[in-house]
Every structure is written in C-alpha cells, then in structure tokens.
Amino acid sequence: MAQTASASSNLAESFDSTALSERDSRLKHKPSVLFLCDGKEGYSLVAEAILSHKADSHFDSYSAYTSSNCDVTSACKTLKHYNIACSNSHFRPIEAYHQNNVDYLIALTPASVQSGKVLPKYEKFIPWDITEGGESSDQQKAIKYINDQINYFLSVYLYR
C-alpha cells in the first residue's frame, strides 16, 4: 500500500502543471461566434438569438449583415412566437466587426460572403446555406434549418 501512495505521489509530481493551466484558461474563455447573412431577412440575428437562448453561458454570439439595410421585424416576431428573446444589440453591418477577431464565423448564405466586404479575422469558418440553393422566402423552414444547424454546432463544438 505504501508503494502505491509513493508511486501516485511521483506521478503527480511529474505531471506538467503548465498543461493543466493552459487547459483551464481554454475552459474559462467563452468562444465568440459571429453569424453573417446578407441582411434581407435578418437570419443572422435569428441564429444569434437561438444560440444565446441555448448556450449563452458557453458562447458569446454576435450577428452581422452585408446589405445596405436590413429589416428584422418579421424575424423578431417569429422568435417571440417560440419564446426566444430578440435583441439587436449585437446586430450590425459587417463593417462594424472587420477589426475584430472571432473564434467562429458562420456564414448563413453564400451571398453573405460573396458581397466582397472585408470579414473579421476568424479561427474557423463554417459555411451554412439556409436557402439550400434557393430563396430564403419560407421563413419557418429557414428558422428550422438554423435551429437544426445550431444543435449540430453545439453537439460538435460544445461536447468535444
């Protein structure tokens, strides 16, 4: 029994404490997620609201759009139908974020990255296509797709 205690003591002493402190600092850092859309329907705001609703304690979420204007009235109305708070406090034109660094940049539509506008620096780029190659006029279908993609994102990046 004394040998076991001695062996575990030696193992503990040989453990690299810097590896533990690096892991602790990664666990304390909340990754940032910037959702990007073309702005026609405000779907990046929808994605931000859904991620905040599901995992606000694990991620800092933001949303941006690439068009010259954006109307989010119907998107917020739909979110309220699902009892999800809709706040545009982090919803800005992409130019507002171009000096930022984000952990995840998620483009909701191909048009959002084809705008030619400068994107912020990012660690990981994740392309989604909520239009599935067509128009995003069916709001219920688009919001369901966003919700499904966020569930997948959480399963991959939160539980790894």
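Cys37 counts as buried, at 1% relative accessibility. The model in which this residue sits is a predicted one, and Cys37 offers a convenient point of entry to it. Ile106 is separated from Cys37 by 69 residues in sequence, yet the C-alpha atoms of the two are 8.8 Å apart in space.

Ile106 belongs to strand S4, which spans residues 101-107. Its relative accessible area is 0%, so Ile106 is buried. Leaving aside residues up to four places away in sequence, Ile106 touches Val33, Leu34, Phe35, Leu36, Ile126, Trp128 and Phe153.

Thr66 leads back to Cys37 from another direction. This threonine lies in the loop between strand S2 (60-65) and H4. With a relative accessible area of 7%, Thr66 is buried, because the cut-off for that class is under 20%. Again not counting residues up to four places away in sequence, the residues touched by Thr66 are Leu36, Cys37, Asp38, Ile94, Ala111, Ser112, Ser115 and Lys117. Leu36 thus appears among the contacts of Thr66 and also among those of Ile106.

The wider architecture may now be set around these residues. The protein comprises six helices and five strands, and along the sequence these elements follow the pattern α-α-β-α-β-α-β-β-α-β-α. Of its 160 residues, 38% count as buried. When contacts between residues at least 6 apart in sequence are considered, 71% of them join residues at least 24 apart.

The helices come next. Two packed helices are described by the angle between their axes and the distance between the axes. Helix H3 (residues 43-55) and H4 have axes that come within 9 Å and cross at roughly 25°. H3 is therefore roughly parallel to H4, since angles under 35 degrees fall in that class. The crossing of this pair is right-handed. On the H3 side the contact is made by Leu45, Val46, Ala49 and Ile50, and on the H4 side by Ala75, Cys76 and Leu79. By class, this contact of H3 with H4 has seven nonpolar residues, no polar ones and no charged ones.

H4 (residues 73-81) also meets helix H6 (residues 139-157), their axes coming within 11 Å and crossing at roughly 65°. That angle makes H4 roughly perpendicular to H6, because the class runs from 65 to 115 degrees. H4 passes H6 in a right-handed crossing. The residues in contact are Ser74, Ala75 and Thr78 of H4, together with Gln139, Gln140 and Ile143 of H6. By class, the contact of H4 with H6 has two nonpolar, four polar and no charged residues. Ala75 takes part in this contact and is also listed in the contact of H3 with H4.

H4 carries one further feature, a disulfide. The structure holds one such bond, formed by Cys76 and Cys86, whose sulfur atoms are 1.9 Å apart. Cys76 lies in helix H4 and Cys86 in the loop between H4 and strand S3 (91-93), so the pair ties together parts that are ten residues apart in sequence. Cys76 is buried, its relative accessible area being 15%. Cys76 thus joins Cys86 in the disulfide and is also one of the H4 residues in contact with H3.

Definitions and conventions
Residues are numbered from 1 along each chain as its sequence is written. This is a predicted model: local features need pLDDT of at least 70, side-chain atom pairs count only at pLDDT 80 or more; totals for chains, interfaces and linings use all residues. Side-chain values use heavy atoms; hydrogens and water are left out. Axes are lines fitted to C-alpha atoms, for helices over the stretch in contact, and angles run from 0 to 180 degrees between N-to-C directions. Helices (H or I, at least four residues) and strands (E, at least two) are DSSP runs, numbered from the N terminus. Angles under 35 degrees count as roughly parallel, over 145 as roughly antiparallel, 65 to 115 as roughly perpendicular and the rest as oblique. A crossing is left-handed if the near helix is turned anticlockwise from the far one by less than a right angle, and right-handed if clockwise. Contact means heavy atoms within 4.5 Å. Ala, Val, Leu, Ile, Met, Phe, Trp, Tyr, Cys and Pro count as nonpolar, Asp, Glu, Lys and Arg as charged, and the others, Gly among them, as polar. A disulfide is a pair of cysteine sulfur atoms within 2.5 Å. Buried means under 20% relative accessible area, exposed over 50%, partly exposed in between (1.4 Å probe, protein chains only).
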